[in-house]
Amino acid sequence: MQFYDAQPQYDLTYSDVFLIPSRSEVGSRLGVDLSTNDGTGMRIPLVASNMNAVSGPRLAAALARRGGLAVLPQDLDGESAAEGIAWVKAQHPSWAAPFEFSADTTVAEALNVVPPVAGHAIAVRDGDKTVLVFDASKLERMPGDARLGDLDHLAASTLSAETAADARAAFDALEAGDGFAAVEQDGALVGGLAQRDALRTTLYQPALDDEGRLRVAAAVGINGDVVGRARMLREAGADVLVLDTAHGHQGSMLRAIEAVREADLGAPIVAGNVVSAAGTRDLIRAGANIIKVGVGPGAMCTTRMMTAVGRPQFSAVLECADTARNHDASVWADGGVRYPRDVALALAAGGSAVMIGSWFAGTVEAPGRIHVDASGRRYKESFGMASSRAVESRFAALDPYERARKQLFAEGISNSTILMDPERPGIDDLVDMITTGVRSSCTYAGARNLREFHERAKVGIQSAAGYEEGKALPVSW
Ligand SMILES: NC(=O)C1=CN([C@@H]2O[C@H](COP(=O)(O)OP(=O)(O)OC[C@H]3O[C@@H](n4cnc5c(N)ncnc54)[C@H](OP(=O)(O)O)[C@@H]3O)[C@@H](O)[C@H]2O)C=CC1
Ligand SMILES: Nc1nc2c(ncn2[C@@H]2O[C@H](COP(=O)(O)O)[C@@H](O)[C@H]2O)c(=O)[nH]1
Ligand SMILES: [K+]
């Protein structure tokens, strides 16, 4: 990456910078390879944060199906983490599992879990048999107290599993209907398929382990039996281990990395968070393969305002990525992403992947239940991992005095409203938006892959007015 003009002496955020187009020989955006080269097996450079409101098993499977990776949070107890990993590993690499409900579930109860939007399959179960499959958008006009088992008239037309397995044939078959079908195999309903998902299987490659199962990462805190938890996660099938704490450049973190490296668990070790060359170097020397970069940019994060600590994220990623590269390691740019452009800039600065938290918290696949605000808009709650809410539940087993001491140091928001975007309600919709933006960024730079993108990117500095000018105008001025 080069600065178009001289590199300034002050630090830069994503909003401070922009990319300048260069002469390109890359004829199509679909010709760009977005695979990472950091040893994690990702086919697109997107990681969902290890946050309780973001990365659950359903989101992890959905993201891995498109080639990304989610990190199950350290707050999941051992049993739940192992179950979550097993669930991801059992999922089909191409097709999403439907949302399953018993026949007695009411429409109102189902709407706490799935919004009435197209492309998400609802399966009604009677015992261990699926008796009805329909598209979630059909719930919109149903009375709240109706039982799902009584909604036979919503049943989707069926498609054979054989046709569903051929993405192009499935896409064409769904063109004739209403863009959604129940999938049938040997006379039994096995799921649902949306036309858009058939298209997606032709555009993305899943992130798969050696046995052809979806990949998933899991986080470990730095307190307690770090090696024991890391070993348990690995044995449960976690493909990547993420050692995570707010202040990653501390002795406890270095010792935790050394211990996990010593245990030789056979998975890449990600560790953080840091924002300096010195922090990056120390974590790599302790044994980390990938460094998580970012202190304070996160949407749920109050660290900068509470402590003045942190660093504008573009400069943090640039410096840490340069250092990591010299040590044959990589960085993930963690936090502060609000637009696809921010992802492109983090990759231009040298990140091998970008971590996203709050933006993903408002998706259909994120773990939270759905709420409705006073004006009828659907939303999910997000909260920081260092917020009073997270700290209270993390330390629930401690006595009240110790718990109160821990809560003194809250550095995150406990209750944030993340609206569900009616245009892009699912993680797939956001992944489409982000990856198409980044593919386009690459061709503007004349890059066929992310290594070339980093090499060729030309970055300029802009004023606040320059940033403002780039925004679209949904209402006339
Ligand atoms: N990327 C970011 O900007 C930030 C991210 N987070 C996220 O919040 C979650 C919780 O992290 P964390 O608060 O580290 O909790 P952890 O449970 O991981 O514990 C952190 C340990 O480090 C000690 N510590 C010493 N100095 C600090 C410091 N300045 N900040 C935090 N801990 C310190 C703590 O002791 P003691 O409690 O006694 O001080 C504790 O033993 C993680 O997922 C983390 O990534 C949190 C803040 C910033
Ligand atoms: N200072 C804090 N940082 C937090 C907290 N919870 C999460 N995080 C960090 O934010 C990113 C996600 O950023 P986003 O802008 O995409 O939401 C996450 O990966 C953590 O590094 C917190 O409570 N305090
Ligand atoms: K912030």
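This report looks at strand β12 and its neighbours in a predicted model, then turns to a nonpolar patch on the surface.

**Strand β12 and its cover**

Let's start with β12, which spans residues 240-244. The strand is mostly covered, with 5 of its 5 residues buried. Its side chains point in two directions: V240, V242 and D244 go one way, while L241 and L243 go the other. Residues on both sides are buried, D244 among them.

**Partners on either side**

Two strands pair with β12, and the table sets them next to each other.

| Partner of β12 | Residues | Sense | Bridges |
|---|---|---|---|
| β11 | 217-220 | parallel | 4 |
| β13 | 269-274 | parallel | 4 |

Individual bridges give handy places to look in the viewer. V242 of β12 is the bridge partner of A219, and L241 has I269 in β13 as its bridge partner.

How does the chain travel between these strands? From β11 the path goes through helix α7 (residues 226-236) to β12, and this β-α-β crossover is right-handed. Next comes β12 with helix α8 (residues 251-263) and β13, which make a right-handed β-α-β unit.

**A nonpolar patch on the surface**

Now for the surface: L30, L199 and L203 form a nonpolar patch there, and together they have about 280 Å² of accessible area. L203 sits in helix α6, which covers residues 195-203. With a relative accessible area of 39%, L203 counts as partly exposed, because that class lies between the 20% limit for buried and the 50% limit for exposed.

Methods: Residues are numbered from 1 along each chain as its sequence is written. Chains are lettered from A and ligands numbered from 1 in the order in which they are written. This is a predicted model: local features need pLDDT of at least 70, side-chain atom pairs count only at pLDDT 80 or more; totals for chains, interfaces and linings use all residues. Side-chain values use heavy atoms; hydrogens and water are left out. Buried means under 20% relative accessible area, exposed over 50%, partly exposed in between (1.4 Å probe, protein chains only). Two strands pair if DSSP finds at least two bridges between them. A crossover is right-handed if, with the strands pointing away from the viewer, the path from the first strand over the helix to the second runs clockwise. Patches are made of residues with over 30% relative accessible area and no salt bridge: like charges are joined within 9 Å, nonpolar side chains (Val, Leu, Ile, Met, Phe, Trp, Tyr) within 5 Å. Accessible areas come from the Shrake-Rupley method with a 1.4 Å probe; for residues, only the protein chains shown count as cover. A salt bridge is a side-chain nitrogen of Lys or Arg within 4 Å of a carboxyl oxygen of Asp or Glu.
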